[in-house]
Amino acid sequence: MIYLDNAASSRPAPEVLAAMNEAARTLFANPSSAHRLGAAAARALQTARAQVAALLRGEPDEIVFTSGGTEADAMGILGAAGVARGRHAVITAIEHPAVLRSAELLSTRGWEVTQVAPGANGVMAVADVLAAARPDTALLGVMLVNNELGTLQPVAEIAQALRAAKRAPHFHVDAVQAAGYVAFSAKALGADTIAISGHKIAGPKGAGALWVKAGTRLAPLWDGGRQERGLRSGTENVPGWVGLGCAAFAAAQWGPHIPRVAALRDRLEQGLVKALPDARPTVTGAARAPHVTSITLPRLPAEPVLHALEARDVFASAGSACASRTRGPSHVLRAVGVDDDAAVLRFSLSTDTTEADIDAAVTALTDAVQEIRSALGTRKSR
Amino acid sequence: MNAILCRYGELFLKAGNRPRFERRLVDNVRRALQGLPSVRIDSPHGRILVRLAEADIDEGLARLERVFGLVSVSPVAEVAPDIDTIRAAALTCANAALARDPGLRRSFRIEARRSDKRFPMSSYEISCDVGKAIEVATGIGVNLTSPALVVGIEVGSKAAYVYADIRPAPGGLPVESSGRAVLLLSGGIDSPVAGWLAAKRGLAMDALYFHSPPFIGEKSRDKVVTLARMLARWQVVRTLYVVSFTDVQKKLREAGPAPLAVVLYRRMMMRVADLIADQTHADALVTGENLGQVASQTIGNLATIEAAARRIVLRPLVTYDKTETIVVAKKLGTFDTSILPFEDCCSLFVPAHPSTAARLGDVLDAEKNLDVAALATAVAASAETLLL
């Protein structure tokens with residue numbers, strides 16, 4: 001099996017599973033309980049908090065655990081909106097649905113939301129974002145790495161430009177696809193809240209975190225037992241968050257592997273372009289995360305290509321133009337101007353991906369495309 | 001409430017066949033209730049009476065509301081056939097109905113029916129007696145012409161049945177009373193509805209799905225399985241046959257000009273369906289085809305497709321607008337599954353400009369170089385069988 005769909009979800013590392021198993025087995029007490037079993041569970045969470053903080057180069061008490069990336073995004077966007085004075089938000093047009101839909105929700109609550117389009121290379125221009133920010137802008141959302149294209153967004157530069165222009169909206173950064181693969185320091189990024197997810201970094205599903213800059217106020221999305229500094233009521237997911245901590249600890253050591261992952265991604269792109277002359281990277285001339293590439297195959301349906309690839313034991317995602325004739329291209333692909341009848345495939349690597357995997361994937365995709373073309377007849381001739 | 005009273009209507013029209021239809025209906029009722037403990041079924045005086053545990057009444061009602069041939073169902077209290085007991089039960093029923101829906105407090109009437117003429121009171125006298133008691137106890141007025149609440153009483157020789165809640169069932173004919181058929185089931189909106197409509201007229205079906213691995217993913221297949229299970233809840237289908245169509249599609253694609261492809265595929269589907277129908281002793285094929293819904297569904301094409309079938313091809317949706325089909329799909333619960341965005345074999349291999357008038361001569365010409373019978377046999381032999 002050649003698994004190149006790590007941006008969708010990654011295989012949990014064995015040490016993560018072992019840590020979760022151990023935590024579920026022995027740390028079953030409620031961390032809020034007064035006895036020593038409760039204390040042990042609470043200590044395990046503190047360790048996990050420190051591990052996540054270390055990955056983001058923040059402080060442990062700046063970490064709020066969540067059920068995943070979507071909840072962390074909702075907490076960052078809606079939580080900040082709950083205490084904001086202004087009623088204007090700016091987000092990029094290529095945000096993940098977790099941010100897009102949270103912003104949509106705000107627009108039903110009387111907010112004005114401005115969406116800023118990226119350049120043709122899938123990267124936001126700092127000046128465009130800055131131009132959209134008004135004196136009454138209370139909220140800004142920019143992702144660090146786009147999930148469909150892998151493009152790296154100039155988050156730190158945007159934060160700097162905002163400061164220079166004396167604009168101070170709450171700045172939320174979705175770093176779900178960046179964590180582990182792109183080294184950053186929460187403080188240096190200039191954000192107020194940063195969202196990450198466990199299952200994108202070889203950790204568990206159902207576990208994520210929001211980094212909340214010290215001194216930042218957020219309104220909780222719901223109330224109850226006031227765990228997680230009152231921001232996230234509900235008995236703590238001890239096994240999940242221990243697993244997230246364990247994954248974050250491992251991901252913080254990925255640095256030396258990153259150049260190799262980027263080289264494998266380049267090898268994949270070059271191999272495909274060579275084998276399939278009309279294949280091309282969906283965007284070019286962009287700074288990118290090392291593990292994601294988006295490839296466009298003109299005049300092909302994406303979903304059958306993926307299944308033909310799957311038949312060769314290679315797993316990837318549609319990225320997601322024309323995944324089906326009943327769906328058009330995604331908002332991200334529309335924003336960068338992809339043809340409606342092109343298959344856009346996303347391959348996402350992990351630190352475990354090998355050169356042999358990449359070469360086999362190139363061969364498999366080449367064969368799969370040939371098989372589809374012969375089955376369909378050449379679409380050009382129609 | 002300790003029983004469910006089921007009513008059927010149309011069967012009375014079939015005077016000569018009535019016992020056969022009734023037996024079939026009772027069988028189907030029994031099958032619908034399978035898995036519920038301690039169910040006993042009787043069919044007294046033109047009704048079907050289902051006795052079951054009180055806790056299972058709601059589940060039983062929900063299932064019986066999906067049995068074709070039943071016109072309506074009511075949760076009933078089965079009581080001794082004497083007027084004091086009947087009166088008390090009627091009052092309890094009425095109070096329960098009023099508690100459930102206070103809007104019923106506008107007015108009421110009693111509908112009494114007496115199948116045992118030895119009972120000392122006439123239907124009219126029963127109505128007056130019980131009506132008076134309910135009027136006094138609840139303070140609600142009687143309205144004989146358009147009451148909000150109807151309390152029903154049916155008196156038999158061994159027991160009386162009292163109810164205040166009549167729920168519509170789908171009507172039609174008992175499934176399998178009209179025979180067996182094979183339903184060509186895709187993942188779309190139309191074919192599940194076509195199967196449901198055919199079952200409503202008494203056809204029992206087995207479903208046949210044409211899968212195209214590897215181009216079509218497992219999720220598309222899972223979706224068809226889900227749809228077939230939904231249909232099975234109505235007893236529309238019992239078995240799903242999944243056949244692999246990819247190789248034949250490739251051969252057909254190469255055999256003739258691209259615009260003929262759709263008609264060639266569908267003719268082959270007819271042949272395969274006929275082979276499955278041979279195995280299941282079915283007398284008809286049922287499809288979701290419609291007149292003019294897509295470019296290829298012209299009268300000419302439908303005729304050319306049908307010419308490949310050995311059995312009668314029923315197309316319950318032939319005159320339906322898409323919106324009318326969607327109304328039924330929503331009612332029977334398949335719509336939300338049908339619109340899940342996975343490709344099926346039809347959408348993938350369809351050429352950009354399919355022919356709207358495939359002439360039989362051209363089609364036969366394209367099929368000439370292929371052993372279509374052998375290809376159909378190979379496809380049918382690939383069938384994977386799923387009991388639903």
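**Exercise 1. Ala191(A) and its surroundings**

Find where Ala191(A) sits in chain A, and work out whether it is buried or exposed.

*Solution.* Start with the location: Ala191(A) belongs to the loop between α7 (186–189) and β7 (193–197) of chain A. Bear in mind as you look that this is a predicted model. Next, check the accessibility. Ala191(A) has a relative accessibility of 2%, and the cut-off for buried is under 20%, so it counts as buried. Then look for what surrounds it. Leaving out residues up to four places away in sequence, Ala191(A) touches Phe171(A), Val173(A), Ala186(A), Trp211(A) and Lys213(A). Finally, try a distance: Pro304(A) is 113 residues away along the chain, and its C-alpha atom is 41 Å from that of Ala191(A).

**Exercise 2. The largest nonpolar core**

How many residues does the largest nonpolar core have, and which of them have the most contacts inside it?

*Solution.* The count comes to 68 residues. The ones with the most contacts inside this core are Val52(A), Leu56(A), Val173(A) and Ile194(A). Now zoom in on Ile194(A). Once you set aside its neighbours within four places in sequence, Ile194(A) is in contact with Val173(A), Ala175(A), Phe184(A), Ala186(A), Leu189(A), Ala209(A), Leu210(A) and Trp211(A). Val173(A) should ring a bell, as Ala191(A) touches it too.

**Exercise 3. Two glutamates in chain A**

Where are Glu269(A) and Glu228(A), and what can you say about the phi angle of Glu228(A)?

*Solution.* Take Glu269(A) to begin with. It is part of helix α9 (residues 258–275). Its relative accessible area is 8%, so Glu269(A) is buried. Beyond its neighbours within four places in sequence, Glu269(A) is in contact with Arg288(A), Thr293(A) and Ile295(A).

Now move on to Glu228(A), which lies in the loop between β8 (208–212) and α8 (238–251). Glu228(A) is buried as well, with a relative accessible area of 6%. For the angle, remember that most residues other than glycine have a negative phi. Glu228(A) is not a glycine, yet its phi is positive, at about 50 degrees.

**Exercise 4. Chain B as a whole**

Describe chain B: how many helices and strands does it have, and what percentage of its residues is buried?

*Solution.* Count the secondary structure: there are 14 helices and 14 strands in chain B. For the dimensions, a box along the principal axes that holds its C-alpha atoms is roughly 85 × 35 × 35 Å. Then turn to burial, where 55% of the 388 residues in chain B are buried. Chain B exposes about 16,400 Å², and 54% of that comes from carbon and sulfur atoms. Last step, the charges: chain B carries 48 positive and 42 negative side chains, with the centres of the two sets 2 Å apart.

**Exercise 5. Looking for disulfides**

How many disulfides does the structure hold over all chains?

*Solution.* The total is zero. You can check this with Cys6(B): the nearest cysteine sulfur belongs to Cys93(B) and is 16 Å away. A disulfide needs two cysteine sulfur atoms within 2.5 Å, so a pair at 16 Å doesn't qualify. Try it from the other end and you get a matching result, as the nearest cysteine sulfur to Cys93(B) is that of Cys6(B), 16 Å away. As for accessibility, Cys6(B) is buried at 0%, and Cys93(B) is buried at 3%.

**Exercise 6. Loops in chain B**

Which loops hold Ala159(B), Pro214(B) and Gln235(B)?

*Solution.* Go through them in turn.

- Ala159(B) is in the loop between β6 (149–155) and β7 (160–163). It is buried, with a relative accessible area of 9%. Pro81(B) is 78 residues from Ala159(B) in sequence, but their C-alpha atoms are 4.9 Å apart. Among the residues that Ala159(B) touches are Glu78(B), Val79(B) and Pro81(B).
- Pro214(B) is in the loop between β10 (203–211) and α6 (218–232). Most peptide bonds are trans. The one from Pro213(B) to Pro214(B) is cis, with omega near 5 degrees.
- Gln235(B) is in the loop between α6 and β11 (237–244). Its phi is positive, about 65 degrees, although Gln235(B) is not a glycine. With a relative accessibility of 7%, Gln235(B) counts as buried.

Terms used. Residues numbered from 1 in each chain as written. Chains lettered and ligands numbered in written order. Predicted model: local features only at pLDDT ≥ 70, side-chain atom pairs only at ≥ 80, totals over all residues. Heavy atoms only, no water. Buried < 20%, exposed > 50% of the residue type's maximum accessible area, 1.4 Å probe, protein only. Helix = DSSP H or I, 4+ residues; strand = E, 2+ residues; numbered from the N terminus. Areas by Shrake-Rupley, 256 points an atom, 1.4 Å probe, with all protein chains shown as cover. Lys, Arg positive; Asp, Glu negative; His and termini not counted. Charge placed at Lys NZ, Arg CZ, Asp CG, Glu CD. Core = buried A, V, L, I, M, F, W, Y, C linked by side-chain atoms within 4.5 Å. Contact = heavy atoms within 4.5 Å.
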